[in-house]
Amino acid sequence: MFRIALHVGNIDLRDPVVVERIANIDSLCEISWESIDGRVRAVIYCDEHDPIGQIIQIARRITHTIPEAKINGLDQDLVSISDIATRVGLTREAVRLWTKGQRGPGGFPAALGSIGGGDRGSTQVWSWPDVNAWLERHFGLGDGDEYLSPEQVAKAQAALLQIEDYLDHDWRELVQLDIPASLGVISDDTAEDADPLVAAPSSDPFIPVVSLNLGVKVD
């Protein structure tokens with residue numbers, strides 16, 4: 001079971017109208033909502049079959065059901081030494097020694113960066129999925145959840161934030177072509193007479209579909 005968190009902006013979980021709309025979100029995945037320091041996260045648990053597709057569809061359903069909601073991409077689960085110690089039930093010093101390679105099997109994940117600074121010093125932060133995998137591999141202390149790989153995270157973020165890649169650009173150029181009428185583009189008026197070999201539009205309003213009848217006969 002994958003655990004994926006979405007950062008959802010522009011909503012307040014204390015608002016009864018928002019709470020009512022959340023209850024009406026239709027999804028086969030389990031969704032829990034939480035607000036930490038005013039930052040709202042939708043934590044989604046979905047199966048291993050196409051987790052990116054599932055998360056994108058849920059994001060669409062959230063914005064359809066709560067129009068004011070804004071999907072700000074995947075929420076990074078960043079943890080400090082104190083956070084890691086709390087999650088695994090060990091002391092901060094034990095975790096600190098792991099991070100320094102002075103105890104344990106070594107190879108602790110690299111920190112993603114530091115926050116703070118100045119007179120109070122800085123605090124290093126790690127990606128919890130990376131730390132979780134290391135803990136499970138060496139000590140069996142993982143939380144039992146699956147997380148997206150870095151490649152999957154990149155793909156999901158691109159889709160959620162609507163970042164265009166070359167395929168998006170090429171597809172837009174394709175569908176904007178002035179396609180001759182002889183190619184038989186299906187319209188609402190001609191859909192009933194369309195070749196049954198051409199896929200019908202999806203009944204799911206959250207999945208955009210472009211149907212083209214290019215006049216190709218399949219034996």
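**Figure 1. Surroundings of Gly 9 in strand β1 of the predicted model.** Once neighbours within four places in sequence are set aside, Gly 9 is in contact with Glu 68, Ala 69, Lys 70 and Asn 72. One of these partners, Ala 69, is 60 residues away from Gly 9 in sequence, yet the two C-alpha atoms are 5.8 Å apart in space. Gly 9 belongs to strand β1, and its relative accessibility of 11% falls under the 20% limit, so Gly 9 counts as buried.

**Figure 2. Asn 10 and Asp 50, two loop residues with positive phi.** Most residues other than glycine have a negative phi. Asn 10 has a phi near 70°, which is a positive value in a residue that is not glycine; Asn 10 is found in the loop that runs between β1 (2–9) and α1 (16–23). Asp 50 likewise is not a glycine and has a positive phi, here of about 50°, and its place is the loop between β3 (39–46) and α2. As for cover by the protein, Asn 10 is exposed, with a relative accessible area of 63%, whereas Asp 50, at 44% relative accessibility, counts as partly exposed.

**Figure 3. Trp 33 in strand β2 and the residues that Trp 33 touches.** Trp 33 is placed in strand β2, which spans residues 30–36. When residues up to four places away in sequence are not counted, Trp 33 touches Val 8, Ile 11, Leu 13, Ile 22, Ile 25, Val 40, Arg 41, Ala 42 and Ile 62. For Ile 22, which is 11 residues from Trp 33 along the chain, the separation of the C-alpha atoms is 8.9 Å.

**Figure 4. Gln 54 within helix α2.** The view is centred on Gln 54, a residue of helix α2. Its relative accessible area is 16%, and since values under 20% count as buried, Gln 54 is therefore a buried residue. Apart from neighbours within four places in sequence, Gln 54 is in contact with Cys 29, Cys 46, Asp 47 and His 49.

**Figure 5. Packing of helix α2 against helix α6.** Helix α2 (residues 51–65) and helix α6 (residues 150–160) pack at an angle of about 25°, and their axes are 10 Å apart. Because angles under 35 degrees count as roughly parallel, α2 and α6 are described as roughly parallel to each other. The contact is made on the α2 side by Pro 51, Ile 52, Ile 55, Ile 56 and Ala 59, and on the α6 side by Gln 152, Lys 155, Ala 156, Ala 159 and Leu 160. Sorted by class, this contact of α2 with α6 has 8 nonpolar, 1 polar and 1 charged residues. The crossing in which α2 passes α6 is right-handed.

**Figure 6. Packing of helix α3 against helix α4.** Helix α3 (residues 81–88) and helix α4 (residues 92–100) pack at an angle of about 115°, with 8 Å between their axes. This crossing of α3 and α4 is right-handed. The residues that make the contact are Ile 81, Ser 82, Ile 84 and Ala 85 of α3, together with Arg 92, Val 95, Arg 96 and Thr 99 of α4. By class, the contact of α3 with α4 has 4 nonpolar, 2 polar and 2 charged residues.

**Figure 7. Buried residues of α4 and the glycine that follows the helix.** The buried residues of α4 are Ala 94, Val 95, Leu 97, Trp 98 and Thr 99, and these residues pack against α3, β7 (122–127) and α5 (128–139). Just after α4, Gly 101 takes a positive phi of about 75°.

**Figure 8. The whole protein, as a frame for the close-up views.** The protein has 7 helices and 7 strands, which follow the pattern β-α-β-β-α-β-β-α-α-β-β-α-α-α when read along the sequence. Of its 219 residues, 31% count as buried, and the accessible surface comes to about 14400 Å², with 50% of that surface belonging to carbon and sulfur atoms. Among contacts between residues at least 6 apart in sequence, 62% join residues at least 24 apart.

Notes. Residues are numbered from 1 along each chain as its sequence is written. This is a predicted model: local features need pLDDT of at least 70, side-chain atom pairs count only at pLDDT 80 or more; totals for chains, interfaces and linings use all residues. Side-chain values use heavy atoms; hydrogens and water are left out. Axes are lines fitted to C-alpha atoms, for helices over the stretch in contact, and angles run from 0 to 180 degrees between N-to-C directions. Helices (H or I, at least four residues) and strands (E, at least two) are DSSP runs, numbered from the N terminus. Angles under 35 degrees count as roughly parallel, over 145 as roughly antiparallel, 65 to 115 as roughly perpendicular and the rest as oblique. A crossing is left-handed if the near helix is turned anticlockwise from the far one by less than a right angle, and right-handed if clockwise. Contact means heavy atoms within 4.5 Å. Ala, Val, Leu, Ile, Met, Phe, Trp, Tyr, Cys and Pro count as nonpolar, Asp, Glu, Lys and Arg as charged, and the others, Gly among them, as polar. Buried means under 20% relative accessible area, exposed over 50%, partly exposed in between (1.4 Å probe, protein chains only). Accessible areas come from the Shrake-Rupley method with a 1.4 Å probe; for residues, only the protein chains shown count as cover.
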